[in-house]
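Q: Here is a model to go through, term by term. What do the labels rest on?

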Amino acid sequence: MRNSKKRNQIIEIFKSGDLLTANEVFEKVKDLDRATVYRNLSLLTSEGILREVNIIKGTSSYEINKENDYHQHFICNNCEKVLPVNVNLIELKKILPKEVEFEEFELNLKGKCKDCK
């Protein structure tokens, strides 16, 4: 993948560790049009730099894809706060059927956060 100023701007936004939708990226980078944002998010995801996460049904969110980081997400049903959940990959592999090859997973736990319960 070629380096580009626009792509680097988008990557820089995610370095804070935020989980962002395409619209939120668009709002943070004022000099890019929507199509450019969507095109670059797709490219960065296919290149493995970002990972796509489905927190809200029908809306993709994105975050930096860190090697050996298998965290997932807890979503508060009340305030919609998203909290990271650390997943032990060794324990996860133990519960999988022996005949499958594990490649990736997405787990969203939902309930009420400490502020809302």
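**Confidence and layout**

A: This is a predicted model, and its protein chain averages a pLDDT of 90 (the predictor's confidence in each residue, from 0 to 100). A score of at least 70 is reached by 98% of the residues. Residues are numbered from 1 along each chain as its sequence is written, and side-chain values use heavy atoms, with hydrogens and water left out. Local features need pLDDT of at least 70 and side-chain atom pairs count only at pLDDT 80 or more, while totals for chains, interfaces and linings use all residues.

Q: Where is confidence lowest, and where is it highest?
A: It is lowest in helix 4 (residues 89-95), at a mean of 87. Helix 3 (residues 34-46) is highest, at 95.

Q: What makes a stretch a helix or a strand here, and how many are there?
A: Both are DSSP runs, numbered from the N terminus: helices are H or I with at least four residues, strands are E with at least two. The protein chain has four helices and six strands. Their order from the N terminus is α-β-α-α-β-β-β-β-α-β. The C-alpha atoms fill a box of roughly 45 × 40 × 25 Å, taken along the principal axes.

**Buried or exposed**

Q: Why is N40 called buried?
A: Buried means under 20% relative accessible area, exposed means over 50%, and partly exposed lies in between (1.4 Å probe, protein chains only). N40 has 6%, so it is buried. Its place is in helix 3. The C-alpha atoms of N40 and R51 are separated by 13 Å, with the two residues eleven apart along the chain.

Q: Is Y62 buried or exposed?
A: Y62 sits in strand 3. Its relative accessibility is 10%, so it counts as buried. Y62 and S42 are 20 residues apart in sequence and 9.9 Å apart in space, C-alpha to C-alpha.

Q: How much of the protein chain is buried?
A: Buried residues make up 29% of its 117 residues.

**Salt bridges**

Q: How do you know that E63 and R51 form a salt bridge?
A: The term needs a side-chain nitrogen of Lys or Arg within 4 Å of a carboxyl oxygen of Asp or Glu. The N to O distance for E63 and R51 is 2.6 Å, so the pair qualifies. E63 lies in strand 3 (residues 59-64) and R51 in strand 2, so the pair ties together parts that are twelve residues apart in sequence. Both partners are buried: E63 at 5%, R51 at 16%.

Q: What makes E12 and K15 a salt bridge?
A: Their side chains meet at 3.6 Å, N to O, so the cut-off is satisfied. E12 has a relative accessible area of 48% and is therefore partly exposed. K15 has 57% and is therefore exposed.

Q: Why is the E91 and K94 pair called a salt bridge?
A: The distance is 3.1 Å, N to O, so this pair fits too. E91 and K94 both lie in helix 4, three residues apart, about one turn of the helix. E91 is partly exposed at 42%. K94 is exposed at 53%.

Q: How many salt bridges does a search of the whole structure find?
A: It finds four. Among them are the pairs E12 and K15, E63 and R51, and E91 and K94.

**A charged patch**

Q: What makes E52, E101, E103, E104 and E106 a negative surface patch?
A: Patch members have over 30% relative accessible area and no salt bridge, and like charges are joined within 9 Å. Asp and Glu count as negative. These five residues form such a patch. E52 shows the area test: at 37% it passes, so it can belong. The same 37% makes E52 partly exposed. Its place is in strand 2 (residues 50-56).

**Positive phi**

Q: Why is a positive phi worth listing?
A: Most residues other than glycine have a negative phi, so a positive value departs from that pattern.

Q: Which phi does N68 have, and where does N68 lie?
A: N68 has a positive phi of about 60°, although it is not a glycine. It lies in the loop between strand 3 and strand 4 (72-76). At 60% relative accessible area, N68 is exposed.

Q: What is the phi of E80?
A: It is positive, about 65°, and E80 is not a glycine. E80 is found in the loop between strand 4 and strand 5 (82-85). Its relative accessibility is 57%, so E80 counts as exposed.

Conventions: Patch = residues over 30% accessible without salt bridge, like charges linked within 9 Å, V, L, I, M, F, W, Y side chains within 5 Å. Areas by Shrake-Rupley, 256 points an atom, 1.4 Å probe, with all protein chains shown as cover. Charge placed at Lys NZ, Arg CZ, Asp CG, Glu CD.
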